[in-house]
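Morning, everyone. I have one structure to walk through today. Let me put it on the screen.

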Amino acid sequence: MRIAICDDEQRELSLLQGFVKKFNSCIDVSLFLSTESLLDGINKQPCDIILLDIEMDGLNGFAAAKKLADINNPPLVVFVTNSSEYTYRGYEVAFRYLPKPVGYAILAEVLSAAIAKIAPYKFTINTNGCSHVIPINEILYFESFGHNLAVHTKANEFVCRMKLSEVEALLPVNNFATPHKSYLVNLDFVNTVAENELSLTVGVKIPISRRCKQEFEQVLFRFVRRQP
């Protein structure tokens with residue numbers, strides 16, 4: 001889970017950062033003093049939620065939020081501001097609108113609601129005492145070994161104690177399939193299917209068992225038929 005905070009006052013940035021870390025110390029927080037630096041930072045490293053002031057020099061927060069709404073997988077925007085001018089207009093592009101000064105209790109409530117809203121598009125894994133929220137469209141495959149489960153993404157690998165059957169129940173229906181009892185694959189990344197293995201678009205090879213092959217190919221065929 002990554003949260004960006006954008007405000008042109010350092011004191012406000014520090015206050016909100018402290019509240020976010022109090023809510024969940026494992027959340028990755030990025031701070032920005034201008035909307036221009038925010039937009040540049042989001043292009044380099046996407047985030048899930050943005051706490052955004054409106055009244056800033058240059059491009060204001062409302063205009064920045066409209067730009068953010070046009071990107072792929074846009075983050076949820078929470079306006080945090082002294083201004084009441086955008087209270088109603090803000091809901092065109094924002095998830096919530098919070099007037100300053102913001103207290104911890106109301107911010108924690110909004111963060112909980114925001115996380116619940118994005119949950120269907122994310123997968124949460126608990127490892128090393130922290131909760132990691134992973135975009136489902138970044139998950140390549142799950143791999144089961146012993147009593148552990150590895151989540152392989154485009155950039156990282158996370159290991160936890162879960163069963164494949166538990167994971168499958170939390171994922172979008174028909175977007176993942178099992179080519180082997182130890183693997184659950186994101187069908188978006190399947191490149192080729194051979195007799196005994198499949199290849200992902202990132203070059204990873206995954207075995208296909210005789211027992212799973214027919215059902216896997218049927219699920220893959222239905223998935224491909226649904227794609228534009």
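In which strand is confidence lowest, and in which is it highest? The low end is strand β7, residues 130-135, with a mean pLDDT of 79. The high end is strand β15, residues 205-207, at 96. We ask this early because this is a predicted model. Across the protein the average pLDDT is 87. At least 70 is reached by 93% of the residues. A general caution: where pLDDT is low, the predicted coordinates should not be read in detail.

Now the overall picture. The protein has 228 residues, and 46% of them are buried. The secondary structure comes to 6 helices and 15 strands. Taken along the principal axes, the C-alpha atoms fill a box of roughly 65 × 40 × 25 Å.

Next, a sheet. Three strands form an open sheet, in the order β13-β14-β15. The pairing is antiparallel. Why do β13 and β15 each have one side without a neighbour in the sheet? Both stand at the edges, and each has a single partner strand, so one side stays free of a neighbour. On average, neighbouring strands here are turned by 30° against each other, direction ignored. As a general point, strands of a sheet pair through backbone hydrogen bonds, either parallel or antiparallel.

Zoom in on one pair. β13 covers residues 190-193, and β14 covers 197-200. They are joined by 3 bridges. Look at Thr192: its bridge partner in β14 is Ser199.

On to the pockets. The largest pocket has a volume of about 1,200 Å³. Its lining counts 39 residues. Closest to the centre are Asp48, Lys122, Pro135, Asn137 and Glu138. Which elements give two or more residues to that lining? They are α2, residues 35-44, α4, residues 104-118, and β7. β7 gives the most, with 5 residues. Keep in mind that β7 is also the strand where confidence is lowest. By class, the lining divides into 20 nonpolar, 11 polar and 8 charged residues.

The second largest pocket holds about 240 Å³ of space. It is lined by 13 residues. Nearest its centre lie Glu168, Phe176, Ala177, Thr178 and Val219. β11, residues 176-180, and α6, residues 210-226, each supply at least two lining residues. Which element gives the most here? That is α6, with 4 residues. The classes come out as 8 nonpolar, 3 polar and 2 charged.

Two local details before I stop. One is Glu55, in the loop between β3, residues 49-52, and α3, residues 61-68. Is Glu55 buried, partly exposed or exposed? Its relative accessible area is 48%, so Glu55 counts as partly exposed. The cut-off for exposed is over 50%. How far apart are Glu55 and Lys67? In sequence, 12 residues; in space, 16 Å from C-alpha to C-alpha.

The other detail is a peptide bond. The bond from Lys100 to Pro101 is cis, with omega near -5°. Where does Pro101 lie? Pro101 is in the loop between β5, residues 96-99, and α4. That same α4 is among the elements lining the largest pocket.

That's my tour. Over to you.

How values were computed: Residues numbered from 1 in each chain as written. Predicted model: local features only at pLDDT ≥ 70, side-chain atom pairs only at ≥ 80, totals over all residues. Heavy atoms only, no water. pLDDT = per-residue confidence, 0-100. Pairing = 2+ DSSP bridges. Axes fitted to C-alpha atoms, helices over the stretch in contact; angles between N-to-C directions. 1 Å grid on protein atoms, 1.4 Å probe; cavity = no way out; pocket = protein on both sides within 12 Å on 5 of 7 lines; lining within 4 Å. Points joined across faces, edges and corners; volume = space filled by probe spheres on them. Nonpolar A, V, L, I, M, F, W, Y, C, P; charged D, E, K, R; others polar. Buried < 20%, exposed > 50% of the residue type's maximum accessible area, 1.4 Å probe, protein only.
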